[in-house]
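Subject: A structure for you to look at

Hello,

I am passing on the structure we talked about, together with some notes on what turned up in it. Please open it next to this email and follow along.

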Amino acid sequence: MASHAECRPLGMFECELCALTAPYSYVGQKPPNTQSMVLLEESYVMKDPFTSHKDRFLVLGSRCSLCSRLECSLFYSKRFCLPCVQENISAFPQEIRQDLEKRKAPSKRTPSQPGSRT
């Protein structure tokens, strides 16, 4: 019966940037049923709904280490929200910059550019 209690949602996580909502079952650095797993930040966690393994979980998000917004954006040694990453982009490695450019690319389309409809 204890396993049901561990999976029961404690509350609802809501990202302050993108409004993603999901029920979380744990907040902290050591998710239940994990042997030696310790997260580097206090995180909102839910059991992975895509597997039956008790030790699998999803990190929904955490607070930005710079502005403290509760969000789901980017983890690079610490959690950073996208506005803080963009303000401090020169402090991140090239791989992170390239990844952010890829994420922005589809949204760069202007209304004058034709869409591809088939």
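Below are the notes, going from the whole chain down to single residues.

Before anything else, this is a predicted model, in which local features need pLDDT of at least 70, side-chain atom pairs count only at pLDDT 80 or more, and totals for chains, interfaces and linings use all residues. Residues are numbered from 1 along each chain as its sequence is written, and side-chain values use heavy atoms, with hydrogens and water left out.

**How far to trust it**

The predictor gives each residue a confidence from 0 to 100, called pLDDT. Its mean for the protein is 82, and 81% of the residues reach 70 or more. Confidence is lowest in helix α1 (residues 2–7), with a mean of 48, and highest in strand β1 (residues 11–14), with 95. Over residues 1–5 the pLDDT stays under 50, and the model has zero contacts there beyond four places in sequence; a contact means heavy atoms within 4.5 Å.

**The overall picture**

The protein has three helices and eight strands. These are DSSP runs numbered from the N terminus, with helices being H or I of at least four residues and strands being E of at least two. Read from the N terminus, the order is α-β-β-β-β-β-β-β-β-α-α.

Of the 118 residues, 28% count as buried. Here buried means under 20% relative accessible area, exposed means over 50%, and partly exposed is in between, using a 1.4 Å probe and protein chains only. The accessible surface comes to about 8400 Å², and 53% of that belongs to carbon and sulfur atoms; the areas come from the Shrake-Rupley method with a 1.4 Å probe, and for residues only the protein chains shown count as cover. Among contacts between residues at least 6 apart in sequence, 21% join residues at least 24 apart.

**Strands and their pairing**

Two strands pair if DSSP finds at least two bridges between them. β1 and β2 do so in the antiparallel sense, over four bridges, with Met12 standing opposite Pro23 in β2. The two strands form a hairpin with six residues between them. Along β2 the side chains alternate: Ala22 and Tyr24 point to one face and are buried, whereas Thr21 and Pro23 point to the other and are not.

There is also an open sheet of four strands, in the order β3-β4-β5-β6, with antiparallel pairing. Its edge strands, β3 (26–28) and β6 (70–71), each pair on one side only. Between β3 and β4 (residues 43–47) there are three bridges, and Val27 has Tyr44 as its bridge partner in β4.

**The cores**

In soluble globular proteins, nonpolar side chains tend to be buried together. A nonpolar core is taken here as a set of buried Ala, Val, Leu, Ile, Met, Phe, Trp, Tyr and Cys residues joined through side-chain atoms within 4.5 Å. The largest one has eight residues: Phe13, Cys15, Ala22, Tyr24, Tyr44, Met46, Leu60 and Leu70. At least two residues of this core come from each of β2 (21–24) and β4. Apart from it lies another core, of six residues, including Phe80, Val85, Phe92 and Ile96.

Leu70 is a good place to zoom in: leaving out residues up to four places away in sequence, Leu70 touches Phe13, Glu14, Cys15, Glu16, Tyr44, Ser62 and Arg63.

**Cysteines**

How many disulfides does a search of the whole structure find? The search finds zero, a disulfide being a pair of cysteine sulfur atoms within 2.5 Å. For Cys18, the nearest cysteine sulfur is that of Cys72, 3.5 Å away; Cys18 is partly exposed, at 48% relative accessibility. The sulfur of Cys84 is 3.5 Å from the closest cysteine sulfur, in Cys81, which is too far for a bond. Cys84 is buried, at 5%.

**Loop residues worth a look**

Most residues other than glycine have a negative phi. Ala19, in the loop between β1 and β2, has a positive phi of about 70° although it is not a glycine. Ala19 is partly exposed, with a relative accessible area of 45%. Asn33, in the loop between β3 and β4, has a positive phi too, near 65°, and is partly exposed at 34%.

Met37 is also found in the loop between β3 and β4. Not counting residues up to four places away in sequence, Met37 touches Gln29, Lys30, Pro31 and Phe57.

Enjoy exploring!

Best wishes
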